[in-house]
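Visitor: I should like a close look at a single part of this model, set against the chain that surrounds it. Please choose one helix and explain how it is placed.

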Amino acid sequence: VLGRILDIDPDATWAFERLCVELTQAGMWDQLFGAYDRELGRDMDVERRKKLLDDAAQAAKDFADEPERALGYMSKMLELDPGNTRLSASLERLYERLGNWDEVIAVWRGQIPTAGKKAGDIRVRIASAYLEKLGEHGKALEELRVLVDISPGHEGALELLEKLLGDEGAPKDARMGALGLLRTCYDGLKRDEDAIRVIEQGLTFVERGDVLRKELARRLVALGKSDRAMEHYETLLVQRPDDVEARTSLVSLAGSSGSSEVLARAQAAAGEGTEGALRASLFSGAAEVYRESEADKAIELYMQVLETEEAEAAVRLAAARTLDDLLDRADRKEERLAVLQKLVGMEQSSSTRRTVLGEVALLAEEMGETQAALEAWRSRVETDEADLEALDALIEGSEDDEELVKVLRLRAAAKVPPQQRR
């Protein structure tokens, strides 16, 4: 009967309200919400529409146990009254109960335009839902990017970015994005230690991180933290022995800080990871540091330099000369003799070669290596037939009659002061 009355007179409000009561008491939910929907399809003022939507939402939520239908009515109410915080909170709680986080986020986002200073907190909640409820790291990052562009020091945003950075299950690009935002924010806030800390954290998940590590080292240098900077440059050099910046920075920092041990260790380790001229150069640099403090290490490294044929001539020559001195001080005669014999062929100056040959000969004689000594003296005579020291040594040591005769003739022909003639 009530339905027929409404068919005849749709404006019969009393009949509609009585119909809703009867259908509610009878638990006839489809018919009840059908009646609400037909009524809402008519033209009416905003206040009546809001009341009908509210009644329908309450019935769906509290009596019919149809939260999704209730959400539909409440959403339409919010469109009519976007500033209704009570309604917004109810809608939010209902969406949360259903686990419909996309809709919760939509509700929150609708609050932003009128939230004033609290808008930042709402964006943090949105980002947190993306991150923790939906696992959408990229969307969380973009939400936080918008926020820190407006408010770089927002603690909630920084806290969530730190959480994203440390999330080992997050995609690497999202973690790197968080790192970039944190670095920018901390730089703007002059929080240098925090900027360094997040960069160091980034190094734990990037594959190589050369660029990141260099930035970190430069920042540490700027803050006067040379020791920590050298550790990172050391890592860089070991990973990439041809990294010129890492090596030159290490040399400079070692000179200013006195931490030469790190420089030596880094160059020695880097040399092990390469070959040829670069290997020799690195070993030579390490040996130069060890020269005074750890002679045995220096000798070992210089020996490897000397054995590297691809090394630059100047590097090998310097290594041989230094080895001669180190081996002499260590009284390692046999090794020194071998080095001197190589040095003969490396010296470019004839006068220097003459001196080295003399050292070879005298050391060989001291060791009882007669033939090696005689060969050195013969080489001196081949270069200078008037070399009195070499001629005298051959006269005393040679057992070859033919050679002896030749040497004696050269000795006799040599131009010497009269008082030295015999």
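Guide: The account below starts with the whole chain, turns to one helix and its partners, and ends with other sites for context.

This is a predicted model, in which local features require pLDDT of at least 70 and side-chain atom pairs count only at pLDDT 80 or more, while totals for chains, interfaces and linings use all residues. Numbering starts from 1 along each chain as its sequence is written, and side-chain values use heavy atoms, with hydrogens and water left out.

The chain holds 24 helices and zero strands; here helices (H or I, at least four residues) and strands (E, at least two) are DSSP runs, numbered from the N terminus. The radius of gyration is 45 Å, well over the 22 Å that the globule rule gives for 422 residues, so the chain is more spread out than a compact globule. That radius is taken over C-alpha atoms, and the rule is 2.2 Å times the number of residues to the power 0.38. Along the principal axes, the C-alpha atoms fill a box of roughly 155 × 35 × 30 Å. One pair illustrates the extent: the C-alpha atoms of Gln371 and Asp102 lie 93 Å apart, with their positions 269 residues apart in sequence.

Of the 422 residues, 45% are buried, where buried means under 20% relative accessible area, exposed over 50%, and partly exposed in between (1.4 Å probe, protein chains only). Among contacts with a separation of 6 or more, 42% join residues 24 or more positions apart; contact means heavy atoms within 4.5 Å.

The part chosen is helix α12, residues 192-202, where Asp194, Ala195, Ile196, Val198, Ile199 and Gly202 are buried. As a general matter, an α-helix has 3.6 residues a turn, so residues three or four places apart point the same way. The buried residues of α12 pack against four helices: α10 (155-165), α11 (172-188), α13 (210-222) and α14 (226-239).

The approach to this helix has a feature of its own. Lys190 is placed in the loop between α11 and α12, and its phi is near 60°, a positive value in a residue other than glycine. Most residues other than glycine have a negative phi. With 68% relative accessibility, Lys190 counts as exposed. Asp331, another residue that is not a glycine, also has a positive phi, of about 55°. Asp331 sits in the loop between α19 (313-329) and α20 (333-346).

Among the packing partners, α13 includes Asp210. Asp210 is buried, with a relative accessible area of 11%. Leaving out residues up to four places away in sequence, Asp210 touches Leu236, Gln239 and Arg240. The C-alpha atoms of Asp210 and Thr235, 25 residues apart along the chain, are 9.4 Å from each other.

The nonpolar interior supplies the wider setting. A nonpolar core is a set of buried Ala, Val, Leu, Ile, Met, Phe, Trp, Tyr and Cys residues joined through side-chain atoms within 4.5 Å. The largest core has 84 residues, of which Phe33, Tyr36, Tyr73, Trp108, Leu161 and Leu250 touch the most other members. Helix α8 (residues 119-133) gives the most to this core, with eight residues. Beyond its neighbours within four places in sequence, Leu161 is in contact with Leu141, Leu144, Val148, Ala178, Leu181 and Leu182. A second, separate core of 46 residues includes Leu301, Ala311, Leu323 and Val360.

Two further buried residues may be set beside these cores. Ala59, in helix α4 (residues 46-63), is buried at 5% relative accessibility. Apart from neighbours within four places in sequence, Ala59 is in contact with Leu32, Phe33 and Ala64. Phe283, in helix α17 (residues 276-293), is buried at 1% relative accessibility. Not counting residues up to four places away in sequence, Phe283 touches Ala268, Gly271, Glu272, Leu301, Gln304 and Val305.

As to charge, the chain carries 59 positive and 85 negative side chains, and the centres of the two sets lie 4 Å apart. Lys and Arg count as positive and Asp and Glu as negative, without His and the chain ends, and each charge is placed at NZ of Lys, CZ of Arg, CG of Asp or CD of Glu.
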